[in-house]
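Q: I would like to take a close look at one part of this protein, the sheet and the helices that lie on it. Please go through it slowly, explaining the terms as they come up.
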Amino acid sequence: MAKEKKALTLRIIGDPVLHQIAKPVEKIDDSLVDLAQEMLNMMYKSNGIGLAAPQAGVSLRMFVLDIEPPEDEEGHPLPVNSPGEIQLLPQMPLAFINPEVTPIGTEESDYDEGCLSVPKLYATVRRPAKVMLKATLLDGREICIECGGLLARAIQHENDHLDGVVFVQKLEDEPLDSIKKGLDKILKKNGKSNYKLKRLNKA
Ligand code: QAP
Ligand code: CO
């Protein structure tokens, strides 16, 4: 008989799987292709643009993205600057396996981030503006490409999940204060009031 698969559920901050380092994917097989599809289904159901495997309760180094190429109000394409945006946005949705992400240069940018694992809370995170992304795609293709814009933002957010990091851990004092009550509410609702936020930008 075919192996029964457990239904995946969206994990919320405070769930241990979101706070541990995920394991490398060893091989791309049918079950990994299935997992990527289930992650996309989960992401679309919640109107997300990115989801990492630990958010679905699976401690593996893979994330999916579906970012639309940017358009103006009349639906005309807006220019994108980076090779990654030019090459990858038209191919979305995509799954990225065993990604390696390295900042390029010193330019940083601020962006109001959200996360399906931190429902309805948004706060400004400062991150490098450009990154080099090295990863394997589901069809086995290897990519190594410079990414900017929203793509660079999403890649860094999702890659952090693979290292057990949720964006609220990267906030400066003021943005953290602005969501603190909401965060306590989420933790309480999910029986995780004992979860202690480990801040990463603090000495
Ligand atoms: C990560 O985030 C990201 O709270 C993906 O109520 C963040 O898809 C990529 C969402 C910032 C780029 C920039 C969150 C939907 C979606 C919520 C998401 C919510 C409904 C978050
Ligand atoms: Co997230």
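Which strands does helix H1 (residues 30-45) lie across, and at about what angle does H1 run to E2?

A: This is a predicted model, in which local features need pLDDT of at least 70 and side-chain atom pairs count only at pLDDT 80 or more, while totals for chains, interfaces and linings use all residues. Residues are numbered from 1 along each chain as written, chains are lettered from A and ligands numbered from 1 in written order, and side-chain values use heavy atoms, without hydrogens and water.

Helix H1 lies across E1, strand E2 (62-65) and strand E3 (94-103), at about 45° to E2, where contact means heavy atoms within 4.5 Å, and angles, from 0 to 180 degrees, are taken between N-to-C directions of axes fitted to C-alpha atoms, for helices over the stretch in contact. Helices (H or I, at least four residues) and strands (E, at least two) are DSSP runs numbered from the N terminus. Helix H3 (residues 149-162) lies across E1, E2, E3, E6 and E7, and runs at about 150° to E2.

The sheet beneath this description is open, with five strands in the order E1-E2-E3-E6-E7 and antiparallel pairing, a pair needing at least two DSSP bridges. Strand E1 (50-52) and strand E7 (142-147) each have a single partner strand, so one side of each is left without a neighbour in the sheet. From one strand to the next, the twist averages 35°. Strand E6 (residues 131-137) is joined to E7 by six bridges, and Lys134 has Cys144, in E7, as its bridge partner.
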